[in-house]
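Trainee: Could you take one part of this model and go through its surroundings closely, keeping to what the coordinates support?

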Amino acid sequence: MSDEKSFTHLAPTTLAQWLESARELTLVDIRDPLSYSQGHIPGSHHLDNASVAELFEQAPRERPMVVVCYHGHSSQQAATWLAAQGFSDVYSLDGGFTDWAARHPERVEN
């Protein structure tokens, strides 16, 4: 049995409920800077190689962390990596930003 840290898949409907209830969480978006600037989930932080050190300094390790990418694939690898760095409650948003924007166009900030 492996004790490797991992992530949990998160449905867009669950994230919407968490945001509605103002649940404390860290929301990170790993898409390229241009895509992020053109639209992202309000409250999310752009995460790339340049900003990862700041994330490690500021984000509480025990707070739920949701990782967002384009379609929900790359975020799984990033979430696995973040869990291995000591974040205890890491999620990958199923369907990614593309699905989120289609479901919740009113919840996209640019």
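Mentor: Leaving aside residues up to four places away in sequence, H40 touches D29, R31, F97, R107, V108, E109 and N110. Bear in mind that this is a predicted model, and that H40 itself sits in the loop between α2 (33–38) and β3 (45–46). The relative accessible area of H40 is 7%, and because buried means under 20%, H40 counts as buried. Its side chain also reaches the backbone oxygen of Y36, at 2.8 Å.

One of the residues that H40 touches, D29, leads into the strands, since strand β2 covers residues 26–29 and is joined to β4 by four bridges, the two running parallel. Within that pairing L27 stands opposite V66 in β4. On its other pairing, β4 is joined to strand β5 (residues 90–93) by three bridges, again in parallel, and here M65 stands opposite V90. Between β4 and β5 the chain passes through helix α4 (residues 74–84), and this β-α-β crossover is right-handed.

The side chains of β4 (residues 65–68) deserve a separate word: M65 and V67 point one way, V66 and V68 point the other way, and all are buried. In a regular strand, side chains alternate between the two faces of the sheet.

As for annotation, an unreviewed UniProt entry lists residues 21–109 as "domain: Rhodanese". In the model, the end C-alpha atoms of that span lie 19 Å apart, and the span is 36% helix and 16% strand.

Technical notes. Residues are numbered from 1 along each chain as its sequence is written. This is a predicted model: local features need pLDDT of at least 70, side-chain atom pairs count only at pLDDT 80 or more; totals for chains, interfaces and linings use all residues. Side-chain values use heavy atoms; hydrogens and water are left out. Buried means under 20% relative accessible area, exposed over 50%, partly exposed in between (1.4 Å probe, protein chains only). Two strands pair if DSSP finds at least two bridges between them. A crossover is right-handed if, with the strands pointing away from the viewer, the path from the first strand over the helix to the second runs clockwise. UniProt positions are given in the numbering used here, feature names are shortened, and annotations may be inferred rather than shown by experiment. A polar contact is a pair of N or O atoms within 3.5 Å; within protein, one must be able to donate a hydrogen and the other to accept it, and residues adjacent in sequence count only if both atoms are side-chain atoms. Contact means heavy atoms within 4.5 Å.
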